[in-house]
Amino acid sequence: MGPLGPSEAVRGIDIELYRGETLGIVGESGCGKSLTALALSGLLPDGVRISRGQISILGEVATEYDEALWRRVRGRSVALIFQDPMAMLNPVLTIGAQICEAIQAHKTIRWSDARREAVSLLGRVRLPDPQRIVDCYPHQLSGGMAQRVAIAIAIANRPDILIADEPTTALDATVQIEILALLKDIQRETGMAILIVSHDLELIARWADRVLVMYAGKAVEVRSARDILTKASHPYTLALIASRPRRRLNYGRRQRLEEIPGRVPLPSERLSGCGFAERCAVADDECKSNAPDGHQIEDGTVWCHHAIGCEAIAQ
Ligand SMILES: Nc1ncnc2c1ncn2[C@@H]1O[C@H](COP(=O)(O)OP(=O)(O)OP(=O)(O)O)[C@@H](O)[C@H]1O
Ligand code: SF4
Ligand SMILES: [Mg+2]
């Protein structure tokens, strides 16, 4: 605790996730996306805790879960995959052993049966030659293959919710699409909800059903993914859209991201008004002194004093 009191990286956010849907969380680096994802899976780092607000999973309040309860919930109700699948895998155990361990953590099953399930899971995540991969070690896999293994472990116990924090950021474009398509297929088969975190608004617009745009630890706009690129109305979302890397027609590569001038407030900064006021072209005195409440829009909510009609002013 510093002289200003505790830092607030996530400043109050309500997330509703429906069965079978994909919710995307987007925002710049340091907005609190990963901490939100970790909070939803009981994996907050040491020294970080939930000081207010509530997490409920399938109707049960999870905020008060102890570590033992989280261990039972994690994997069975909520599973996670991360940007770096290698970090999730144990380098000295075979892929098969790691999948078997995940299966046995939640049900009593003979090792030989768990191994058969492991091979079947490797097939479900479309790894070629699952009988061979099951005996491989992580270092024998490419990044894309390792992410498929991480997905196999994540879905081993048929979770209701899969949290994916930047699951494809480290992969090349073709593998990215394959992994996202795989997640969608598994979702169609199992009905699991997916919460996907990314800094790439275009990716979220394409792959999610709804988008939650996050800034300085808060939701600033929630709406359907279909409309996010054309109907966004929060000045921060509009700035993100304007800063999207554009594909160069002649090279097919993405150009550098145009940066939004200014920086995301630090968790230690006290915010008396709207967190985006320092960087917002249409901020006024009210924005600097009062945090905006949510306004219902056609298919979601926008937290901005000038949400109605601000598309026109902010562009
Ligand atoms: N263990 C921690 N202890 C204290 N502060 C932390 C901790 N982890 C993250 N933070 C701070 O919380 C804020 C939000 O971090 P978070 O990792 O959630 O951001 P993010 O939106 O996921 O960013 P990125 O896109 O870079 O992954 C940052 O200012 C970060 O420095
Ligand atoms: S509340 Fe004010 S400062 Fe914040 S985004 Fe809206 S117009 Fe900008
Ligand atoms: Mg992150």
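## Asp129 and its loop

In this predicted model, Asp129 is partly exposed, with a relative accessible area of 42%. Asp129 sits in the loop that runs between helix H5 (111-124) and helix H6 (130-133), and its phi angle is near 55°, a positive value in a residue other than glycine.

## Domains and nonpolar cores

The domain assignment of the protein chain gives domain 1, covering 53-193, and domain 2, covering 214-314. Between the C-alpha centres of domain 1 and domain 2 there is a distance of 33 Å.

The largest nonpolar core comprises 69 residues, and Ile99, Leu122, Ile151 and Tyr236 are those with the most contacts inside it. Helix H7, spanning residues 143-155, makes the greatest contribution to this core, giving eight residues. Both assigned domains take part, since at least three residues of this core come from each of domain 1 (53-193) and domain 2 (214-314). A second core, separate from the one just described, consists of 22 residues, among them Tyr65, Val73, Val197 and Leu212.

For Tyr236, once residues up to four places away in sequence are set aside, the residues touched are Gly27, Glu28, Cys31, Val213, Met214, Tyr215, Val220, Ile260 and Phe276.

## The surroundings of ligand 1

Ligand 1 is surrounded by a run of residues from Glu28 through Ser29, Gly30, Cys31, Gly32, Lys33 and Ser34 to Leu35, together with Ala9, Pro45, Val48 and Pro267. Glu28 and Cys31, which belong to these surroundings, are also among the residues that Tyr236 touches.

Oxygen atoms of ligand 1 approach the protein backbone at several residues. A backbone N or O atom of Cys31 lies 3.2 Å from an oxygen atom of the ligand, a polar backbone atom of Gly32 is 3.0 Å from an oxygen atom of ligand 1, and for a polar backbone atom of Leu35 the corresponding distance is 2.9 Å. On its own, ligand 1 has 640 Å² of accessible area, of which the protein covers 61%.

## The segment before strand S1

Ser7 is placed in the segment before strand S1 (22-26), and Val10 also lies in the segment before S1. Ser7 is partly exposed, with a relative accessible area of 47%, and Val10 is partly exposed as well, at 28%.

Leaving aside residues up to four places away in sequence, Ser7 touches Pro267 and Ser268; Pro267 is also one of the residues that surround ligand 1. Val10, with its neighbours within four places in sequence likewise left aside, is in contact with Gly32, Leu35, Thr36, Met214 and Gly217, and of these Gly32 and Leu35 appear in the surroundings of ligand 1. Two separations place this segment relative to other parts of the chain: Ser7 and Ala281, 274 residues apart in sequence, are 27 Å apart in space, C-alpha to C-alpha, while the C-alpha atoms of Val10 and Ile99, 89 residues apart along the chain, are separated by 33 Å.

## Asn157 and Arg158 after helix H7

Asn157 is found in the loop between H7 and strand S5 (161-165), and Arg158 lies in the loop between H7 and S5 too. Asn157 counts as buried because its relative accessible area is 13%, whereas Arg158 counts as exposed because its relative accessible area is 55%.

The side chain of Asn157 reaches the backbone oxygen of Ala102 at 3.0 Å. Apart from residues up to four places away in sequence, Asn157 touches Gly75, Arg76, Ala102, Ile103 and His106. Arg158, under the exclusion of residues up to four places away in sequence, touches Arg76 and Thr190, and Arg76 thus also figures in the list given for Asn157. The phi angle of Arg158 is near 45°, a positive value in a residue other than glycine. Between the C-alpha atoms of Arg158 and Gly59, 99 residues apart along the chain, the separation is 18 Å.

## Thr190 in helix H8

Thr190 lies in helix H8, which covers residues 173-190. A polar atom of the Thr190 side chain lies 3.3 Å from the backbone nitrogen of Met192. With neighbours within four places in sequence left aside, Thr190 is in contact with Arg19, Arg124 and Arg158.

Notes: Residues numbered from 1 in each chain as written. Chains lettered and ligands numbered in written order. Predicted model: local features only at pLDDT ≥ 70, side-chain atom pairs only at ≥ 80, totals over all residues. Heavy atoms only, no water. Core = buried A, V, L, I, M, F, W, Y, C linked by side-chain atoms within 4.5 Å. Buried < 20%, exposed > 50% of the residue type's maximum accessible area, 1.4 Å probe, protein only. Helix = DSSP H or I, 4+ residues; strand = E, 2+ residues; numbered from the N terminus. Domains from an automatic or database assignment. Contact = heavy atoms within 4.5 Å. Near = heavy atom within 4 Å. Polar contact = N/O pair within 3.5 Å; in protein donor to acceptor, adjacent residues only side chain to side chain. Areas by Shrake-Rupley, 256 points an atom, 1.4 Å probe, with all protein chains shown as cover.
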